[in-house]
Every structure is written in C-alpha cells, then in structure tokens.
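Here are some questions about how the labels attached to a model are justified, each answered by setting a value against its cut-off.

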Amino acid sequence: MTSVSRTGQREDVPFVARSTETGARVEASSANEVIAFYRRQQELLDTDLEWEFADHPAVTEAPDADSIDAVLRALDDYFESGVPLGVLAAAMSKQGWTVGDTLSEVYELRMSGSLWEPRADHLRPV
Amino acid sequence: MTRWNANNDEVAAVSPDITDETNALPAEYFTSPDIHELEKEKIFGQYWVYAGHANAITETGAYFTRTIGDKQVIIVRDHDDEIRAFFNVCAHRGSKMVEDTPMTNPGNMGRIRCPYHMWSYDLDGDLESTPKSFEEAGLNPDLDDEEVCSLDASENGLNEVQTDRIGPFVFLNFADDPMPLAEQAGTLKTELEDMPLEEYEHAARYVSEVDCNWKTFAGNYSECDHCHANHQDWITDIELDESNLEVNDYHWILHYTHDEDVDDELRIHEEKEAKFYYFWPNFTVNMYGTADGYGTYIIDPIDEGRFQLIADYYFSSAEMTDAEQEFVQTSRQLQEEDFELVERQYEGLQSGALAQAQLGPNEHTVHKLHRLAQEAYEA
Ligand code: FES
Ligand SMILES: [Fe+2]
C-alpha cells in the first residue's frame, strides 16, 4: 500500500519519495510501488520524484557511480530475477538522480539493447 | 440497532427513508474488489464524468488525456473550435496512440498519429492517411494492388466519446444512450453557468493518494458533522447553525454561512457563504467565499482501497498572489485533516466488524450519495 504522508507519519515504511512540484510524499513497502506512484502522478501533473529514504541493503551498498550500467552490475548480485526498477532509481538518487532521470536513461539504454528486462520493471545488465 | 457482522445482522439496501435504520450502503460496498470492478461499468461507464477545464486547451490541436477506470481518452480542440474526445486507441490494431498528457501540461498536435504503423487521424477523428503499405499489396503474392480496398475516412475513424460542458468544465460519457448532461446536472448547470468561471486561470494542482475507498472521501466531503471537532481553524469563520445542506437529483450543495461579512471582491457568487457543490459521481466545485477564485476536486478510484484526490485551483491569474497561496495552504490543511479522518474510518471498515453503518439526520447528503450508488449497482 502506498500513501501520501499524513500528519501521523508511519515509521515502518522502507521507501519514501516526494514530488518535486507539490511536495506530495509517497511511502511504500516496495521500491517499485514508488515507480507506480510516479507514473500515476505523471499522468496528472508534470512532476518528478526525489527519494527521501530507501531502506534496502542493495541501495546502501550501491557504488557511488554516475552510471546506470555500473550501478546495475553491482546491484545484480542482490536479486535473483532482475533488479527492481525502483531499487535502481533509489540507488541512482545517491548521485542526485530523480526518478524521472533514471526512468528516461533506462528507457534509452533499453531501446539501444544495453539493458535486459527479464520481466516488467526488473532489470539485468547484458 | 447497530448492524455488526458478529451478530449476523442482515444488511439491507439503502432505504429511501433516512429515518430508517438501514439508511447507509453496506460496508462491503466500500471494501470489495468486485464492487470496484462493477463501478467502472455501472457508475463511471454510465454517468457524466468530469474530464478537465476548457481553458487548458484554447488553441486548435491542443489536447490532454484523462483516464477513467480502464479507459483512456484524448480530449482535443478541433479545427472548428469544438472540444472532442476520442478513445486513445488506434482503429488499425488497437495501439495506444498518444502519451499520457496531463491537463496541466497539455500537448499540441496537427493530427493524431499512431506511432505503431503511422495511421493518422484528423482532429475530428476521421482517418486522414495510411502509409502506402496499406494501399498496395507489395508483400503479399496472393493479392493484386487492385484488390486492396481503400479505407473510408469516416468509417475507419477514431472511437469518439460523447462530451458536453458546464461552462468551462468538460464532461465525458461512455454510455450508448446517456441522459443529457443538462438533466444529470439540473440546476447545477444554470447556477454554475451564471458565474464567469471561464475568466479564471488554472493556478495550482495537487494530487494526493489516499488509503480509502473513493466513496468514503465523498461521504466525508458531503457532511459537516465532523467539522467542529476536526476543522477547528476553518470553523472559526463559519456560522454552522445558519448553514444548510441542499440535496438535488444528482448533486448536493453545502452552504456554509460566514459569520462576518467578507469583502465582496473576494467572492465570485452573490451570497455571503462558501458553497461546495458535489456532482455525482466524483466531481466537486468549491466556491470558497473567501477567495476570488474557485477550486475543483476529482475523486478518482485507484482500486477499492485507494483513490486520488486531484485538487485544482483557479484564480484571476495563473501566478498566485501571496494571499492566494496562503488560501491554497488553508485548503490543503483541510484536505490533510480529512485524509486523516477517512483513512481512519476506512481502517475501521476494513476490519469487517461493521456490516452496515447508520446515518444521522444531518447526513442527508451522504444518504443521497449512498442511494445513488445503490441505484447505479442495481441498474
Ligand atoms: S495500431 Fe495504430 S497504426 Fe497500427
Ligand atoms: Fe472535512
């Protein structure tokens, strides 16, 4: 379940992001729910999302590299069947990337055949 | 007597008599995924649903998209200055054609083109052109070019969706033979059209996802029995005793009287009151009475347990003054207070303990909401 934060914030949610435009926050139990929230917002508003918080060991351990390819290769060890797009986006936020930045770069890479998407919104290096 | 599930009390359809015990929709109508699916057809597929504001698309070819249930529609201004709507679905093999385009950041196109095989359509939906490969049979050894039938422009055009307007508000209807918008809106149409709503510009949009059924929030919007306890800042300027809630066929109006006279400049309408209009199924117009502008809400279900509140604000200029910004913040405070309430109510409803709620005598607007839902399910 996702929710925009209310006054009584829940503390147990591992993934939190906020809209750059309106400040609306999303708190989610999985990183890909943040991506789903981003897409729903995008349909209604020209906005992007910044990560506030991502409590996942893969994100904590992700290298400080300004390249999707390098980060994806490092994250690949943590996941059996593809790195969730949201986890990759959270890892890239350590370089200041917004969710929109990551999604458009992933799209470019995928369309050039440099990324593999074994199932929807899960990525592996080629 | 309260109808708890544990007592195996029978639930009943919403009684038309508000003094009856079974005057509310049974709780399962708020929590069932099947009902969510049913509503796509029986509610959002039958009644006039708000699409967006005409001022967002003033030029020929300007468009935005709007998704209602599983259906996405392109709303576009055509060459005759008419606003039309089409399913965002290609007549060739059904591809989605244009990207999601919010009303707040509209696009502009000379024609509607499908990126898959490049069929393109006029702004009135007629098929305008197809690539050569649809006119000749070059790759098919069993067909001669002469055997290829040409495609009639209007017979192979886009699937149009009915639109109509109340002032600048554009509505859609997916039903084959719907009641006219004027009938669904009744006096709401004349009342809103008496105000110069089209003179105002879109200034801000907030989209919030809330963890409850859309009807839970709709019910909260529609009554003010919760205001004293929960909107203390707002309530200080309101004379609740003199306020009243007016119910019509498919809309209801919450009249909140201000206790002191507000500067006439700060109101669009005549009366010294805030007027909140709820228009079935999921649109509201908020005439605040303390701002030279107005707001609208769209209460869009995501699933049975979540909805999006799309809050738009209109002022004389798209650039808000400090006072207007402050006003929007007050409005946002009200929203957040209400989100807290409805999420808490929904948590309670989801526990399954309560089989059917009971409405008070001043919740006649909520009663109307529940009756319309019941009527739609049974239709
Ligand atoms: S599906 Fe649109 S052109 Fe083929
Ligand atoms: Fe409220």
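**Reasoning from values to labels**

K40(B) sits in helix α2 of chain B, in what is a predicted model.

Q: Why is K40(B) called buried?
A: Buried means under 20% relative accessible area. K40(B) has a relative accessibility of 16%, so it counts as buried.

Q: Which residues does K40(B) touch, and what makes its link to E37(B) a polar contact?
A: Not counting residues up to four places away in sequence, K40(B) touches G45(B), G69(B), D70(B) and K71(B). The side chains of K40(B) and E37(B) are joined at 3.1 Å, and because a polar contact requires N or O atoms within 3.5 Å, this distance satisfies the cut-off.

Q: Which other residues of α2(B) are buried, and what do the buried residues pack against?
A: Helix α2 of chain B covers residues 33-42, and its buried residues include I35(B), H36(B), E39(B) and K42(B). The buried residues of α2(B) pack against α1 (28-31), β4 (71-77), α5 (214-222), β17 (293-303) and α9 (364-378) of chain B.

Q: How do you know that S32(B) caps the N-terminal end of α2(B)?
A: A side-chain oxygen of S32(B) lies 3.1 Å from the backbone nitrogen of D34(B), and because the limit for a polar contact is 3.5 Å, the pair falls within it.

Q: What makes H226(B), H231(B) and D338(B) protein donors of the iron ion (ligand 2)?
A: Donors are N, O and S atoms within 2.8 Å of the metal. The NE2 atoms of H226(B) and H231(B), together with two OD entries for D338(B), lie 2.1 to 2.5 Å from the iron ion (ligand 2), so they meet that limit. In sequence, these donor residues are spaced H-x4-H-x106-D.

Q: Why is the arrangement around the iron ion (ligand 2) called irregular?
A: Four donors count as tetrahedral if all angles lie between 85 and 135 degrees, and as square planar if opposite donors are over 155 degrees apart and all others between 65 and 115. The 4 donor atoms here subtend angles of 56 to 147°, so neither description fits and the arrangement is irregular. Water is not among the atoms, so sites may look incomplete.

Q: How do you know whether the two histidine donors are buried or exposed?
A: The cut-off for buried is under 20%. H226(B) has 11% relative accessibility and therefore counts as buried, and H231(B), at 2%, counts as buried too.

Q: Where is H226(B), and what does it touch?
A: H226(B) is in the loop between α5 and α6 (227-230) of chain B. Leaving out residues up to four places away in sequence, H226(B) touches N220(B), H231(B), D338(B) and L341(B). With D338(B), the side chain of H226(B) makes a polar contact of 3.1 Å.

Q: Why is L334(B) called buried, and which residues does it contact?
A: L334(B), found in helix α8 (residues 322-350) of chain B, has 16% relative accessibility and so counts as buried. Apart from neighbours within four places in sequence, L334(B) is in contact with H231(B) and W234(B).

Q: Why is E43(A) called buried, and which residues of chain B does it contact?
A: E43(A) lies in helix α1 (residues 31-44) of chain A, and its relative accessible area of 15% is under the 20% limit, so it is buried. E43(A) is in contact with T65(B), R66(B), T67(B), Q72(B), D100(B), T101(B) and P102(B), leaving aside its neighbours within four places in sequence. The side chains of E43(A) and Q72(B) form a polar contact of 3.2 Å.

Q: What makes helix α4 of chain A mostly covered?
A: In this helix, residues 85-92, 8 of its 8 residues are buried, among them L85(A), V87(A), L88(A) and M92(A). Among the elements of chain A, α4(A) also has the highest mean pLDDT (98).

Q: What are the confidence values for the chains and for the model?
A: Chain B averages a pLDDT of 94, with 96% of the residues scoring at least 70, while chain A has a mean of 90, with 91% of its residues reaching 70 or more. Over residues 1-10 of chain A, pLDDT stays under 50. The model scores ipTM 0.80 and pTM 0.92.

Definitions and conventions
Residues are numbered from 1 along each chain as its sequence is written. Chains are lettered from A and ligands numbered from 1 in the order in which they are written. This is a predicted model: local features need pLDDT of at least 70, side-chain atom pairs count only at pLDDT 80 or more; totals for chains, interfaces and linings use all residues. Side-chain values use heavy atoms; hydrogens and water are left out. Donors are N, O and S atoms within 2.8 Å of the metal (3.2 Å for Na, K and Ca); water is not among the atoms, so sites may look incomplete. Four donors count as tetrahedral if all angles lie between 85 and 135 degrees; four count as square planar and six as octahedral if opposite donors are over 155 degrees apart and all others between 65 and 115; anything else is irregular. Buried means under 20% relative accessible area, exposed over 50%, partly exposed in between (1.4 Å probe, protein chains only). Helices (H or I, at least four residues) and strands (E, at least two) are DSSP runs, numbered from the N terminus. Contact means heavy atoms within 4.5 Å. A polar contact is a pair of N or O atoms within 3.5 Å; within protein, one must be able to donate a hydrogen and the other to accept it, and residues adjacent in sequence count only if both atoms are side-chain atoms. pLDDT is the predictor's confidence in each residue, from 0 to 100.
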